[in-house]
Amino acid sequence: MKRYPTPEKPGHYWAKLVHPSGMPEGEDWQSSDWEVVQVDINDYAGKVGDPEYLSVHVPGIAPPQWVEDFIWGPRIPDFRDEREQPGLTEAEQKAQGARCGCKGVDDMCICQNVTDATTRADRAQRGRR
């Protein structure tokens, strides 16, 4: 995997821990391979580029690490569960319109703007596949 720039915002990233901070003597926390880590804001008064502005949480390592302790890979896109999406797709609008008295022709009707129980159930069913 190619190297990427040091993260400047919170999120999940691929990374290799190469210079562990706070490691007890006799332990080896260095990454043998790429792993997913979580980057969070550590110092809200700080700014991007400050050494302790962002901290990094590595699975299995209790103390937070610092961004300069890593070789960085790409950011992992945030997971969005389609069942929780506030909007409706065009297909969902049509289906909900077919179940409504307005037949989907009224843009201001709730059937065109809010997920109904049937749509939520359909989303949940698709999520299990």
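**Strand pairing, core and aromatic contacts**

In the predicted model, glycine 11 has valine 39 of β2 as its bridge partner. This contact belongs to the pairing of β1 with β2, which is antiparallel and extends over 5 bridges. Valine 39, placed in strand β2, has a relative accessible area of 0% and is therefore buried, the limit for that class being under 20%. Along the chain, valine 39 and proline 51 are 12 residues apart, and their C-alpha atoms are separated by 13 Å.

The pairing of β1 and β2 is part of an open sheet of 5 strands, arranged in the order β4-β3-β2-β1-β5 with antiparallel pairing. The edges of this sheet are taken by β4 (65-66) and β5 (70-76), each of which has a single partner strand, so that one side of each is left without a neighbour in the sheet. In general, the strands of a sheet pair through backbone hydrogen bonds, in either a parallel or an antiparallel sense. Between β1 and β5, which run antiparallel, there are 5 bridges; in this pairing histidine 12 stands opposite isoleucine 76 of β5, while tyrosine 13 stands opposite arginine 75 of β5.

The two faces of β1 can be told apart by their cover. Gly11, Tyr13, Ala15 and Leu17 make up the covered face, whereas His12, Trp14 and Lys16 make up the uncovered one. Such a pattern can be read against the general rule that in a regular strand the side chains alternate between the two faces of the sheet.

The largest nonpolar core contains 14 residues, and among these Val37, Val39, Val56, Val58, Phe70 and Trp72 touch the most other members. At least two residues of this core are supplied by each of β1, β2 (35-41), β3 (54-57) and β5, and the largest share, 3 residues, comes from β1.

Aromatic contacts were examined next, and 2 aromatic pairs were counted. In one of them, the ring centres of tyrosine 13 and tryptophan 72 lie 5.7 Å apart with the planes at 80°, and the pair is therefore edge-to-face, a class that requires an angle over 60 degrees. This pair links distant parts of the chain, since tyrosine 13 lies in strand β1 and tryptophan 72 in strand β5, 59 residues apart. Tyrosine 13 is buried, because its relative accessible area is 6%, and tryptophan 72 likewise counts as buried, at 2% relative accessibility. Phenylalanine 70 and tryptophan 72 also pair, with ring centres 5.0 Å apart and planes at 40°, so this pair is tilted. Phenylalanine 70 has a relative accessibility of 8% and therefore counts as buried. Through these ring pairs Tyr13, Phe70 and Trp72 are linked into a cluster.

On the surface, a nonpolar patch is formed by Met1, Tyr4, Trp14 and Val36, which together have about 360 Å² of accessible area. One of these residues, methionine 1, is found in the segment before β1 (11-17); with a relative accessible area of 54%, methionine 1 is exposed, because that class begins over 50%. Another member of the patch, Trp14, is on the uncovered face of β1, whereas Tyr13, a member of the ring cluster, is on the covered face of β1.

Methods
Residues are numbered from 1 along each chain as its sequence is written. This is a predicted model: local features need pLDDT of at least 70, side-chain atom pairs count only at pLDDT 80 or more; totals for chains, interfaces and linings use all residues. Side-chain values use heavy atoms; hydrogens and water are left out. Patches are made of residues with over 30% relative accessible area and no salt bridge: like charges are joined within 9 Å, nonpolar side chains (Val, Leu, Ile, Met, Phe, Trp, Tyr) within 5 Å. Accessible areas come from the Shrake-Rupley method with a 1.4 Å probe; for residues, only the protein chains shown count as cover. A salt bridge is a side-chain nitrogen of Lys or Arg within 4 Å of a carboxyl oxygen of Asp or Glu. Helices (H or I, at least four residues) and strands (E, at least two) are DSSP runs, numbered from the N terminus. Buried means under 20% relative accessible area, exposed over 50%, partly exposed in between (1.4 Å probe, protein chains only). Two strands pair if DSSP finds at least two bridges between them. A nonpolar core is a set of buried Ala, Val, Leu, Ile, Met, Phe, Trp, Tyr and Cys residues joined through side-chain atoms within 4.5 Å. Rings of Phe, Tyr and Trp (its six-membered ring) pair if their centres lie within 6.5 Å; planes under 30 degrees apart count as stacked, over 60 as edge-to-face and the rest as tilted.
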